[in-house]
Amino acid sequence: MINNILSAASLIMGSIIRLPYTRNGIQIAPFGHNAHLSAKQQEMELEVSWNDDYLMVSIEEKYMGRTCGLCGNYDGQELNEFLSEGQLLEPYKYAALQKMDDPTEICPLEQMAVSNVPHKKYARICANLLNNVSSSCNVSRKGFVIRCQLDMQHCRNPGQINCTCATLSEYSRQCAMSHQKVSDWRSSDFCCTVLDDISRNRTCVPIEQCPCTLNGEKYYPGDVMKAPCRTCKCETGQWSCRELPCPGTCSLEGGSFVTTFDSRPYRFHGVCTYILMKSPMLPNNGTLMAIYKKSGYSSSETSLNAIIYVSSQ
């Protein structure tokens, strides 16, 4: 059994590697501010992109009904994997089924704290903020409204809308990836001035002037890069990608939010190794897993630490 440990530091078998990396059908390379993994044989089988607080898994439609893990069974139904003996499981109980204990650690059962239920008073504000990002986007807003409410609730100064920038940015990205129109929602005093840490002078610039990086190379706003299953354009310091026909995506965001292949959003907290996806159709009967560790004092403050791809060869 071979364990390929892939973290932000790009570790393989415990050794630091140089990117891009290719071996045994596994390819890893930087992609903008993200890391990108492909596990393929003759065609695209599995693609994973991630950074400090975001992860997306992409698979083809032929995997429908043949996956399991945090990302779900990809059968087109939101709740099927959450049913057990006719009862609907709470998200933390469903997540607990994906834990993988090891000889030195048994993962505790983590329940969602009552304090993590969002205050209703922020719901209307958050709905308006999302509407400002895009009034016509067909990406489901329900989960983003909840995340926005929690952003405002746990902000250093509760109720400050600038604490919602990460959630609004992710909603904007998902709308753009779905080919939906996104408004120019940032302003001079809301979610805009950023540090250009790509250029040598490291100055603060308007976000629309931010460059992008790919494989260590600098690209300017408006530059376009083409890759299998996507065409990407450098916009506001990030690669805005148009996905070509490669259906099936699962995302993990912010250390606790999951959206399954079937677009079922849920939330959990835990410090453990979880199965993201397991399928006999993956190369070498592979299993994709994620390691979560504590990132703060409370049990709800966790973050993605590494991903693991286990193959039978």
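Biologist: Which residue in β17 does K233 stand opposite?

Modeller: Keep in mind that this is a predicted model. Strand β16 covers residues 230–235, and six antiparallel bridges join β16 to β17, residues 238–243. Within that pairing, the residue opposite K233 is S240.

Biologist: And what is the bridge partner of E235 in β17?

Modeller: β16 and β17 make a hairpin with two residues between them. E235 belongs to β16, and its bridge partner over in β17 is Q238.

Biologist: Which residue in the turn has a positive phi, and of about what value?

Modeller: We're still in the hairpin of β16 and β17, which has two residues between its strands. The turn residue with the positive phi is T236, at about 50°.

Biologist: Which side chains of β16 point to the buried face?

Modeller: In a regular strand, side chains alternate between the two faces of the sheet. β16 does just that: T231, K233 and E235 point to one face and are not buried. The other face, the buried one, takes R230, C232 and C234.

Biologist: β16 also pairs with β15, so which β16 residue does K226 stand opposite?

Modeller: Strand β15 spans residues 224–227 and pairs with β16 in the antiparallel sense, over four bridges. T231 is one of the β16 side chains on the face that is not buried. In the β15 pairing, the residue opposite K226 is T231.

Biologist: Let's talk charges: how many salt bridges does the structure hold?

Modeller: Side chains of opposite charge can pair when their charged atoms come close. K62 and E60 meet that way at 3.7 Å, N to O, E253 and R147 at 2.5 Å, and R173 and E170 at 2.3 Å. For the structure, the count is three.

Biologist: How many residues apart in sequence are the parts that E253 and R147 tie together?

Modeller: The two side chains meet in a salt bridge, N to O at 2.5 Å. E253 sits in strand β18 (residues 249–253) and R147 in helix α3 (residues 142–153), so the pair ties together parts that lie far along the chain from each other, at a separation of 106 residues.

Biologist: Is E253 buried or exposed, and what about R147?

Modeller: Being buried takes a relative accessible area under 20%. E253 and R147, the partners in the 2.5 Å salt bridge, are both buried.

Biologist: Where do R173 and E170 lie?

Modeller: Their side chains meet in a salt bridge, with N to O at 2.3 Å. R173 is partly exposed at 24% relative accessible area, whereas E170 is buried at 5%. They are three residues apart, about one turn of the helix, and both lie in α4.

Biologist: Buried or exposed: how does E60 count?

Modeller: E60 shares a 3.7 Å salt bridge with K62. K62 has 36% relative accessibility and counts as partly exposed. E60 has 18%, which is under the 20% cut-off, so E60 counts as buried.

Biologist: Which residues does T259 touch, leaving out those up to four places away in sequence?

Modeller: T259 lies in strand β19, residues 257–259, and is buried with a relative accessible area of 19%. Its contacts include both partners of the E253 and R147 salt bridge. The full list is R147, T249, C250, S251, E253, R264 and P265.

Biologist: Same for T287: which residues does T287 touch?

Modeller: T287 is found in strand β22, residues 287–294. At 12% relative accessibility, T287 counts as buried. Beyond four places in sequence, T287 touches I275, M277, K278, L282, I308, Y309 and V310.

Biologist: Which residues form the nonpolar patch on the surface?

Modeller: Together the patch residues have about 270 Å² of accessible area. One of them, L88, is placed in strand β10. The members are L79, L83 and L88.

Biologist: Over which residues does pLDDT stay under 50?

Modeller: The chain averages a pLDDT of 80, and 85% of the residues score at least 70. Among the elements, helix α2 has the highest mean, 93, and strand β1 (residues 2–7) the lowest, 34. Where pLDDT is low, the predicted coordinates should not be read in detail. The stretch under 50, for which the model has 41 contacts beyond four places in sequence, is residues 1–11.

Key. Residues numbered from 1 in each chain as written. Heavy atoms only, no water. Buried < 20%, exposed > 50% of the residue type's maximum accessible area, 1.4 Å probe, protein only. Pairing = 2+ DSSP bridges. Patch = residues over 30% accessible without salt bridge, like charges linked within 9 Å, V, L, I, M, F, W, Y side chains within 5 Å. Areas by Shrake-Rupley, 256 points an atom, 1.4 Å probe, with all protein chains shown as cover. Salt bridge = Lys/Arg side-chain N within 4 Å of Asp/Glu carboxyl O. pLDDT = per-residue confidence, 0-100. Contact = heavy atoms within 4.5 Å.
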